[in-house]
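Look at the model below and find the bound ligand. The paragraphs start from its site and then move outward.

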Amino acid sequence: MTAKIITFGISKGGCSKSTSSGITSFLLSNDEKVLAIDMDGQGNLTSFLTGEYDICNVFEEKTVLEAILEEDARSYIIKIKENLDLIPSNDFLATLPRKMFEKQLKLDALQKALEPVMEDYDWIIIDTPPALSEQTVMPLSTYSEAGSFAVVMFDGSMFAYYAIPKFLEIIEGAKERYNPSLKTAGILFSLIDARAKENEVMLEAVEEDYPYLKFNTIIKRKASTRRLAIEGFEGNAELKNALEYYIPFVEELKERVNQKQPQGSN
Ligand SMILES: Nc1ncnc2c1ncn2[C@@H]1O[C@H](COP(=O)(O)OP(=O)(O)OP(=O)(O)O)[C@@H](O)[C@H]1O
Ligand SMILES: [Mg+2]
(Lines give C-alpha, C1' and ligand atoms only; values in the text may rest on other atoms or scores of the structure.)
(Ligands and ions follow the chains in the order given, each with its own letter.)
Protein backbone atom coordinates (compact mmCIF):
# COMPACT_ATOMS: atom_id res chain seq x y z
CA MET A 1 0.00 0.00 0.00
CA THR A 2 1.01 3.59 -0.57
CA ALA A 3 -0.79 6.44 1.14
CA LYS A 4 -3.02 8.81 -0.76
CA ILE A 5 -2.46 12.34 0.53
CA ILE A 6 -5.36 14.71 1.17
CA THR A 7 -4.58 18.29 2.20
CA PHE A 8 -7.41 20.45 3.58
CA GLY A 9 -6.87 24.18 3.10
CA ILE A 10 -8.01 27.74 2.41
CA SER A 11 -6.33 30.97 3.46
CA LYS A 12 -9.48 32.21 5.22
CA GLY A 13 -9.71 31.31 8.92
CA GLY A 14 -12.53 29.33 10.50
CA CYS A 15 -13.78 27.46 7.40
CA SER A 16 -13.75 24.08 9.19
CA LYS A 17 -10.37 22.83 7.94
CA SER A 18 -9.40 21.26 11.29
CA THR A 19 -12.87 19.91 12.03
CA SER A 20 -13.21 18.44 8.54
CA SER A 21 -9.71 16.94 8.38
CA GLY A 22 -10.18 15.46 11.87
CA ILE A 23 -13.58 13.90 11.13
CA THR A 24 -12.40 12.65 7.73
CA SER A 25 -9.38 10.98 9.39
CA PHE A 26 -11.64 9.41 12.01
CA LEU A 27 -14.14 8.06 9.46
CA LEU A 28 -11.52 6.73 7.04
CA SER A 29 -9.83 4.88 9.91
CA ASN A 30 -12.93 2.71 10.33
CA ASP A 31 -11.69 0.56 7.43
CA GLU A 32 -8.20 1.73 6.50
CA LYS A 33 -4.94 2.93 8.03
CA VAL A 34 -4.76 6.71 8.44
CA LEU A 35 -2.02 9.13 9.43
CA ALA A 36 -3.33 12.61 10.32
CA ILE A 37 -0.81 15.46 10.27
CA ASP A 38 -1.28 18.81 11.96
CA MET A 39 0.55 21.51 9.97
CA ASP A 40 -1.01 24.39 11.93
CA GLY A 41 0.76 25.77 15.01
CA GLN A 42 -2.65 26.42 16.58
CA GLY A 43 -2.68 22.64 17.08
CA ASN A 44 -6.45 22.40 16.67
CA LEU A 45 -6.32 19.04 14.87
CA THR A 46 -3.95 17.80 17.58
CA SER A 47 -6.38 18.85 20.33
CA PHE A 48 -9.39 17.60 18.38
CA LEU A 49 -7.99 14.08 18.02
CA THR A 50 -6.15 13.74 21.34
CA GLY A 51 -8.46 15.78 23.62
CA GLU A 52 -5.27 17.45 24.88
CA TYR A 53 -5.22 21.27 24.99
CA ASP A 54 -1.92 21.80 26.84
CA ILE A 55 -0.11 21.14 23.56
CA CYS A 56 3.00 23.25 24.24
CA ASN A 57 4.00 21.12 27.21
CA VAL A 58 2.57 17.73 26.35
CA PHE A 59 4.01 17.66 22.83
CA GLU A 60 7.19 19.62 23.55
CA GLU A 61 9.77 18.67 20.89
CA LYS A 62 7.52 15.80 19.75
CA THR A 63 5.84 17.45 16.79
CA VAL A 64 5.77 17.80 13.04
CA LEU A 65 8.36 20.59 13.41
CA GLU A 66 10.99 18.10 14.61
CA ALA A 67 9.85 15.54 12.02
CA ILE A 68 10.45 18.05 9.22
CA LEU A 69 13.77 19.31 10.57
CA GLU A 70 15.05 15.73 10.97
CA GLU A 71 13.53 14.73 7.62
CA ASP A 72 12.14 11.62 9.29
CA ALA A 73 8.63 11.41 10.77
CA ARG A 74 8.97 7.99 12.39
CA SER A 75 9.75 9.12 15.95
CA TYR A 76 6.92 11.67 16.01
CA ILE A 77 3.90 9.51 15.22
CA ILE A 78 1.47 8.89 18.07
CA LYS A 79 -1.37 6.38 18.18
CA ILE A 80 -4.88 7.80 18.56
CA LYS A 81 -6.81 4.56 18.14
CA GLU A 82 -6.83 1.40 16.04
CA ASN A 83 -5.88 2.44 12.47
CA LEU A 84 -5.50 6.14 13.33
CA ASP A 85 -2.16 7.84 14.05
CA LEU A 86 -1.24 11.52 14.36
CA ILE A 87 1.80 13.73 14.01
CA PRO A 88 0.94 16.58 16.38
CA SER A 89 1.92 20.23 16.29
CA ASN A 90 2.13 23.08 18.76
CA ASP A 91 2.94 26.80 18.84
CA PHE A 92 6.64 26.21 18.14
CA LEU A 93 5.74 25.45 14.54
CA ALA A 94 5.98 29.25 14.12
CA THR A 95 9.77 28.81 14.08
CA LEU A 96 9.62 26.52 11.03
CA PRO A 97 10.57 29.08 8.32
CA ARG A 98 13.59 30.32 10.31
CA LYS A 99 14.78 26.81 11.12
CA MET A 100 14.28 25.64 7.54
CA PHE A 101 16.37 28.58 6.39
CA GLU A 102 19.12 27.80 8.92
CA LYS A 103 19.21 24.16 7.78
CA GLN A 104 18.83 25.12 4.11
CA LEU A 105 15.77 22.87 3.81
CA LYS A 106 13.47 23.23 0.82
CA LEU A 107 9.76 22.77 0.32
CA ASP A 108 10.27 19.03 -0.17
CA ALA A 109 11.26 18.63 3.50
CA LEU A 110 7.86 17.21 4.51
CA GLN A 111 8.05 14.82 1.57
CA LYS A 112 11.42 13.56 2.85
CA ALA A 113 10.08 13.23 6.41
CA LEU A 114 7.14 11.14 5.20
CA GLU A 115 8.99 8.89 2.78
CA PRO A 116 9.87 6.25 5.46
CA VAL A 117 6.17 5.86 6.43
CA MET A 118 4.41 6.30 3.10
CA GLU A 119 3.90 2.53 2.73
CA ASP A 120 2.47 2.13 6.24
CA TYR A 121 -0.80 3.97 5.55
CA ASP A 122 -3.71 4.04 3.12
CA TRP A 123 -4.34 7.75 3.76
CA ILE A 124 -2.37 10.74 4.96
CA ILE A 125 -4.73 13.57 5.92
CA ILE A 126 -3.18 16.99 6.46
CA ASP A 127 -4.66 20.05 8.17
CA THR A 128 -3.15 23.41 7.21
CA PRO A 129 -3.27 26.92 8.72
CA PRO A 130 -5.28 29.80 7.23
CA ALA A 131 -2.24 31.10 5.36
CA LEU A 132 -0.46 30.47 2.08
CA SER A 133 2.82 29.84 3.89
CA GLU A 134 5.34 26.93 3.91
CA GLN A 135 2.95 25.04 6.19
CA THR A 136 0.38 24.96 3.39
CA VAL A 137 2.70 24.74 0.39
CA MET A 138 4.75 21.81 1.78
CA PRO A 139 1.79 19.40 2.11
CA LEU A 140 0.60 20.37 -1.39
CA SER A 141 4.14 19.75 -2.65
CA THR A 142 4.24 16.23 -1.16
CA TYR A 143 4.14 13.61 -3.87
CA SER A 144 2.64 10.17 -3.52
CA GLU A 145 2.57 7.43 -6.10
CA ALA A 146 -1.03 6.77 -5.03
CA GLY A 147 -2.03 10.41 -5.59
CA SER A 148 -1.97 13.73 -3.79
CA PHE A 149 -5.15 15.80 -3.53
CA ALA A 150 -6.36 19.12 -2.14
CA VAL A 151 -9.75 19.77 -0.57
CA VAL A 152 -10.58 23.48 -0.69
CA MET A 153 -12.75 24.54 2.25
CA PHE A 154 -15.44 27.19 1.79
CA ASP A 155 -17.77 28.57 4.47
CA GLY A 156 -20.07 30.53 2.19
CA SER A 157 -18.58 33.91 3.15
CA MET A 158 -17.40 36.63 0.78
CA PHE A 159 -13.92 36.47 2.33
CA ALA A 160 -13.64 32.76 1.60
CA TYR A 161 -15.06 33.25 -1.90
CA TYR A 162 -12.14 35.55 -2.72
CA ALA A 163 -9.68 33.15 -1.06
CA ILE A 164 -10.65 30.27 -3.41
CA PRO A 165 -8.84 31.46 -6.58
CA LYS A 166 -5.73 32.28 -4.53
CA PHE A 167 -5.69 28.78 -3.06
CA LEU A 168 -6.24 27.23 -6.51
CA GLU A 169 -3.25 29.25 -7.74
CA ILE A 170 -1.10 27.89 -4.92
CA ILE A 171 -2.21 24.37 -5.89
CA GLU A 172 -1.24 25.08 -9.50
CA GLY A 173 2.17 26.41 -8.40
CA ALA A 174 2.89 23.39 -6.18
CA LYS A 175 1.84 21.11 -9.02
CA GLU A 176 4.13 22.80 -11.55
CA ARG A 177 7.14 23.07 -9.29
CA TYR A 178 7.11 20.01 -7.05
CA ASN A 179 4.18 17.66 -7.37
CA PRO A 180 2.91 16.93 -10.89
CA SER A 181 0.47 14.36 -9.45
CA LEU A 182 -1.39 16.99 -7.39
CA LYS A 183 -5.11 17.32 -8.09
CA THR A 184 -7.92 19.36 -6.63
CA ALA A 185 -10.38 16.82 -5.21
CA GLY A 186 -12.99 19.55 -4.85
CA ILE A 187 -14.44 22.49 -2.98
CA LEU A 188 -16.24 21.48 0.22
CA PHE A 189 -18.97 23.76 1.52
CA SER A 190 -19.11 23.84 5.26
CA LEU A 191 -21.84 26.28 6.05
CA ILE A 192 -20.93 27.21 9.56
CA ASP A 193 -23.43 30.08 9.38
CA ALA A 194 -26.20 27.97 7.86
CA ARG A 195 -28.82 30.67 8.47
CA ALA A 196 -27.10 33.27 6.30
CA LYS A 197 -29.45 34.34 3.50
CA GLU A 198 -26.69 34.78 0.95
CA ASN A 199 -25.57 31.12 1.09
CA GLU A 200 -27.66 30.18 -1.96
CA VAL A 201 -26.10 32.99 -4.01
CA MET A 202 -22.58 32.01 -2.94
CA LEU A 203 -23.26 28.36 -3.76
CA GLU A 204 -24.43 29.32 -7.24
CA ALA A 205 -21.45 31.63 -7.76
CA VAL A 206 -18.95 28.92 -6.87
CA GLU A 207 -20.77 26.39 -9.03
CA GLU A 208 -20.64 28.79 -11.97
CA ASP A 209 -17.00 29.80 -11.45
CA TYR A 210 -15.67 26.28 -10.85
CA PRO A 211 -17.89 23.77 -12.62
CA TYR A 212 -17.44 20.20 -11.37
CA LEU A 213 -15.29 21.22 -8.41
CA LYS A 214 -18.03 21.55 -5.77
CA PHE A 215 -18.62 18.41 -3.73
CA ASN A 216 -22.31 17.44 -3.85
CA THR A 217 -22.28 16.99 -0.10
CA ILE A 218 -22.73 20.18 1.89
CA ILE A 219 -21.67 20.15 5.53
CA LYS A 220 -24.38 21.98 7.42
CA ARG A 221 -23.94 23.63 10.78
CA LYS A 222 -24.67 21.35 13.70
CA ALA A 223 -24.22 22.01 17.40
CA SER A 224 -23.22 18.35 17.88
CA THR A 225 -20.41 18.76 15.32
CA ARG A 226 -19.16 21.87 17.11
CA ARG A 227 -19.33 20.06 20.46
CA LEU A 228 -17.03 17.28 19.17
CA ALA A 229 -14.08 19.50 20.19
CA ILE A 230 -15.36 19.28 23.78
CA GLU A 231 -16.93 15.83 23.91
CA GLY A 232 -14.39 13.96 21.77
CA PHE A 233 -15.12 10.83 19.74
CA GLU A 234 -14.96 8.10 22.39
CA GLY A 235 -18.16 7.47 24.33
CA ASN A 236 -19.85 10.47 22.72
CA ALA A 237 -23.60 9.77 22.74
CA GLU A 238 -24.26 12.24 19.91
CA LEU A 239 -21.40 11.06 17.68
CA LYS A 240 -23.67 9.66 14.97
CA ASN A 241 -25.50 12.96 14.73
CA ALA A 242 -22.25 14.95 14.74
CA LEU A 243 -20.82 12.95 11.82
CA GLU A 244 -24.02 12.83 9.73
CA TYR A 245 -22.96 15.11 6.86
CA TYR A 246 -19.39 13.81 6.80
CA ILE A 247 -20.36 10.22 5.98
CA PRO A 248 -21.54 11.07 2.42
CA PHE A 249 -18.64 13.50 2.05
CA VAL A 250 -16.06 10.81 2.76
CA GLU A 251 -17.78 8.47 0.28
CA GLU A 252 -17.70 11.21 -2.36
CA LEU A 253 -14.06 11.96 -1.58
CA LYS A 254 -13.13 8.30 -2.00
CA GLU A 255 -14.98 8.15 -5.34
CA ARG A 256 -13.21 11.24 -6.65
CA VAL A 257 -9.80 10.10 -5.49
CA ASN A 258 -10.25 6.64 -6.96
CA GLN A 259 -11.26 7.99 -10.36
CA LYS A 260 -8.37 8.05 -12.84
CA GLN A 261 -9.23 11.64 -13.69
CA PRO A 262 -11.15 13.20 -10.77
CA GLN A 263 -13.79 15.69 -11.89
CA GLY A 264 -11.80 18.52 -10.47
CA SER A 265 -8.47 17.51 -11.94
CA ASN A 266 -6.45 20.47 -13.05
N1 LIG B 1 -20.37 21.66 10.69
C2 LIG B 1 -20.14 22.45 11.73
N3 LIG B 1 -21.16 22.83 12.54
C4 LIG B 1 -20.94 23.64 13.59
N5 LIG B 1 -19.76 24.16 13.92
C6 LIG B 1 -18.72 23.84 13.15
C7 LIG B 1 -18.84 22.97 12.02
N8 LIG B 1 -17.60 22.85 11.46
C9 LIG B 1 -16.76 23.58 12.21
N10 LIG B 1 -17.42 24.18 13.22
C11 LIG B 1 -16.89 25.08 14.25
O12 LIG B 1 -16.45 26.25 13.56
C13 LIG B 1 -15.26 26.74 14.16
C14 LIG B 1 -14.15 26.78 13.10
O15 LIG B 1 -13.86 25.45 12.71
P16 LIG B 1 -12.36 24.95 12.53
O17 LIG B 1 -11.53 25.34 13.69
O18 LIG B 1 -12.44 23.53 12.14
O19 LIG B 1 -11.98 25.86 11.27
P20 LIG B 1 -10.53 26.07 10.64
O21 LIG B 1 -10.75 26.37 9.20
O22 LIG B 1 -9.66 24.94 10.97
O23 LIG B 1 -10.04 27.37 11.42
P24 LIG B 1 -8.55 27.99 11.34
O25 LIG B 1 -8.50 28.72 10.04
O26 LIG B 1 -8.47 28.88 12.54
O27 LIG B 1 -7.58 26.86 11.39
C28 LIG B 1 -14.92 25.80 15.32
O29 LIG B 1 -15.44 26.36 16.50
C30 LIG B 1 -15.66 24.52 14.97
O31 LIG B 1 -16.04 23.78 16.11
MG1 LIG C 1 -7.77 24.96 11.86
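Ligand 1 fills the space of the largest pocket. A pocket here is an open set of points on a 1 Å grid over the protein atoms alone, with protein on both sides within 12 Å along at least five of seven lines. A molecule sits in a pocket if more than half of its atoms lie within 2 Å of its grid points.

This is a predicted model, where local features need pLDDT of at least 70, side-chain atom pairs count only at pLDDT 80 or more, and totals for chains, interfaces and linings use all residues. Residues are numbered from 1 along each chain as written, chains are lettered from A and ligands numbered from 1 in the order written, and side-chain values use heavy atoms, without hydrogens and water.

Which residues come nearest to ligand 1? They are Cys15, Lys17, Ser18, Thr19 and Lys222, out of 17 around the ligand. Near means a heavy atom within 4 Å. By class, the shell holds 7 polar, 6 charged and 4 nonpolar residues. Helix α1 (17-28) gives the largest share, 3 residues. Strand β8 (214-220) and helix α10 (223-231) also supply at least two each. Helices (H or I, at least four residues) and strands (E, at least two) are DSSP runs, numbered from the N terminus.

Backbone atoms make polar contacts (N or O pairs within 3.5 Å). A polar backbone atom of cysteine 15 is 2.9 Å from an oxygen atom of ligand 1. For serine 16, a polar backbone atom also lies 2.9 Å from a ligand 1 oxygen. At lysine 220, a backbone N or O atom is 3.3 Å from a ligand nitrogen. The protein buries 83% of the 630 Å² that ligand 1 exposes alone, by the Shrake-Rupley method with a 1.4 Å probe.

Methods:
A polar contact is a pair of N or O atoms within 3.5 Å; within protein, one must be able to donate a hydrogen and the other to accept it, and residues adjacent in sequence count only if both atoms are side-chain atoms. On a 1 Å grid over the protein atoms alone, a cavity is a set of points where a 1.4 Å probe fits but cannot get out, and a pocket is an open set with protein on both sides within 12 Å along at least five of seven lines; lining residues have an atom within 4 Å of a point. Ala, Val, Leu, Ile, Met, Phe, Trp, Tyr, Cys and Pro count as nonpolar, Asp, Glu, Lys and Arg as charged, and the others, Gly among them, as polar.
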